[in-house]
Amino acid sequence: MKVLVPLKRVSDPDNANKIKIAGGKIDTTGLEWKPNPFDEYAVETALRLTENGTSPKQRLGEVVVVTFGPKETEMTLRAALATGADRAIRIDAKDEDLDGDLIARALKALVEKEKPDLVLAGKQAVDGDSNQVGQLLAEYLGWPQATFAGTIKSEDDKSLVVGREVDGGTVNVRVTLPAVVSVDLRIVAPKSVTSKHTPPTHNYADGVRFAALMAIMAAKKKPLVEVKLADLTTDTALKIKYSAFEPPAARKAGVKVKTVAELVGKLKTEAKVL
Amino acid sequence: MNILVIAELHEDSLRKSTHSAVTFAKNVGAPFSILVLGSGADKAAQEAATFGAQKVLVADDASLKDPLAERYAPVIAQVAKAGNFDVVVVTASSYGKDIAPRVAAKLGAGYATDISGVKNDGGKLTFKRPVYAGNAFGYCEIQTPVKVVSVRQSEFAAAEPSGGASPVEKIAVAAADPAAARVEFVSLEAAKSERPDLGEAKVIVSGGRALKERFAEVLDPLANLLGAAVGASRAACDAGYAPPELQVGQTGRVVAPQLYFAIGISGAIQHLAGMKGSKNIVAINKDPEAPIFQVADYGLVQDLFTAVPELITELKK
């Protein structure tokens, strides 16, 4: 199976409260860049689908990672190569010149060249919080989609049964490949991804795999090519434009209560919610 | 301007999320119609007809029994085109988030997600939406003539029926996309709960990892007493102490009840993003330095395993 995984680097989501807004613009200076966590889960999922989990160094399929960004974003791709992805593509672009729709249209052109069996994406990037690229791409390709995947079972290389996490529970769908799947948090649980290559008794470590030092060195030699955005799409107009950003209104400081009785009293008489 | 509101159904009734999408239309202040899709949608259509819509359009077909984006999106796009709608709106539930982008792509429309506000300046719409887990708000405009948006349910109060009855019109369902033949609905494992939905609950009792295996044992009696929904932090869901559909946060459900109990929740920004719009927040945590206390209206520094039973006793008085 050949899997394409789009990756985005984001400013450290654990420091999102440190972002500065000046002159109506967001300033992320000083924040550390990290791969979008959902995209890391997508890479892990792709690796699990293309290996025997008991001997993960021997790859049984191809995992291609792709990002949009300037030269520095190659670090994000190298990190994915170090965990086991086979090759990488960087589409040269600046963040401010992109929106979800343009990314989806460019990815469509890339998919038509690369012909993967599956596109595995994170369900959303934790900076823009837009949750749309996977679904847009599926529509542009005319492919089926399975969003918010918490489990994936591949019975063969032609179809997947995907457990989609929806508001009221889990919806199981069977998609015939090629398809787009976007992944949710629990896709990296020990038994959430099963394929015919890995013995059913195998338990994965919880979460995404770490790269060994040797693998990090080896990843420097793996193929990484640069593609111009204009080679994928000539229509680079943005469909969404931001005019301003502002910080959220501060919540007024609350009070500490000393006892449960005092808490209940305040909820009854002050907040009047009981 | 002409707005198309996409209804969301639960069995044969409208979900409350639909009422929030109607409120969006009313906030814009333009005429709107409601599209109801499903199989056996008469009851939902009658409900939809009480909100003051110009029309209620009903796509009732066996092929629409389960909400699959590959089947719903072509019908929505067809209706949007045929009726010359300028704005298509869904609520940003898992249903809306799944379907709306495919509709936007079909219409060549820009799609702004999870919006928390809208301003109509003489026909020019500006949308407000949270980014960076709610640590900033962006104001954006959609550049295309047709616009698709999903709205954050917690920021658009449920519309009340305004009386009267809109005309109900059945529409023929367009042929499905080829993609529809390659996706099959297998099963729904519905979360079994007698409690209110997180998006609709007035009171939410939410727990964190500190509850460990005693999550339900400790929280359920309190939730039962208050008629509350139960929520959970990502950490509690990740650790397997609570099922995934209970997750409140940036990547889970976004809620804004009258009263939110954060019990044994430290207050990671991803969780705060999902609950800090709540009207009253109570935090119970034994760590006085926990960030949750910075957003809590009422903070109680105490071990939850003693505080929660005591709270139940006190409330019963």
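In this predicted model, the area buried between chain B and chain A comes to about 6,900 Å², and carbon and sulfur atoms give 53% of that area. Tyr132(B), Arg182(B) and Tyr298(B) together supply 13% of the area that chain B buries against chain A, which is more than any other three residues supply. The size of an interface is often given in this way, as the accessible area that is lost when the parts come together.

**The interface between the chains**

Counted by residues, the interface brings 82 residues of chain B into contact with 76 residues of chain A. Across this interface of chain B and chain A, the rule finds 43 residue pairs in polar contact, with both residues at pLDDT 80 or more. On the side of chain B that touches chain A, strand 13 of chain B (residues 183-190) gives the most, with eight residues. Sorted by class, that side of chain B has 41 nonpolar, 20 polar and 21 charged residues.

Where do the two chains pair strand to strand? Strand 16 of chain A (residues 255-257) and strand 18 of chain B (residues 298-301) pair in the parallel sense, over three bridges. Within this pairing, Val255(A) stands opposite Tyr298(B), a residue of strand 18 of chain B, and Tyr298(B) is also one of the three residues named above for their share of the buried area.

**Salt bridges**

The structure holds 46 salt bridges over all chains, and the rule finds seven salt bridges across the interface of chain B and chain A. The table sets out one pair that joins the two chains and one pair that lies within chain A.

| Salt bridge | N to O distance |
|---|---|
| Arg164(A) with Asp98(B) | 3.5 Å |
| Lys2(A) with Glu114(A) | 2.9 Å |

In the second pair, the side chains of Lys2(A) and Glu114(A) meet in a salt bridge. Lys2(A) lies in strand 1 of chain A (residues 2-7) and Glu114(A) in helix 3 of chain A, so this pair ties together parts that are 112 residues apart in sequence.

**Backbone details in chain A**

Two places in the backbone of chain A can be looked up in the structure. The peptide bond from Leu177(A) to Pro178(A) is cis, with omega near 5 degrees, and Pro178(A) is found in the loop between strand 11 (169-176) and strand 12 (179-183) of chain A. Lys115(A), although it is not a glycine, has a positive phi of about 50 degrees, and its place is in the loop between helix 3 (100-114) and strand 8 (118-122) of chain A.

**Annotated domains**

For chain B, an unreviewed UniProt entry places the feature "domain: Electron transfer flavoprotein alpha/beta-subunit N-terminal" at residues 3-189. The end C-alpha atoms of this span of chain B lie 34 Å apart, and the span is 26% helix and 35% strand. For chain A, UniProt, again in an unreviewed entry, places the feature "domain: Electron transfer flavoprotein alpha/beta-subunit N-terminal" at residues 23-236. The end C-alpha atoms of residues 23-236 of chain A lie 26 Å apart, and this span is 27% helix and 29% strand.

Methods:
Residues are numbered from 1 along each chain as its sequence is written. Chains are lettered from A and ligands numbered from 1 in the order in which they are written. This is a predicted model: local features need pLDDT of at least 70, side-chain atom pairs count only at pLDDT 80 or more; totals for chains, interfaces and linings use all residues. Side-chain values use heavy atoms; hydrogens and water are left out. Contact means heavy atoms within 4.5 Å. Buried area is the accessible area (1.4 Å probe) that two parts lose on being put together, summed over both. A salt bridge is a side-chain nitrogen of Lys or Arg within 4 Å of a carboxyl oxygen of Asp or Glu. A polar contact is a pair of N or O atoms within 3.5 Å; within protein, one must be able to donate a hydrogen and the other to accept it, and residues adjacent in sequence count only if both atoms are side-chain atoms. Helices (H or I, at least four residues) and strands (E, at least two) are DSSP runs, numbered from the N terminus. Ala, Val, Leu, Ile, Met, Phe, Trp, Tyr, Cys and Pro count as nonpolar, Asp, Glu, Lys and Arg as charged, and the others, Gly among them, as polar. Two strands pair if DSSP finds at least two bridges between them. UniProt positions are given in the numbering used here, feature names are shortened, and annotations may be inferred rather than shown by experiment.
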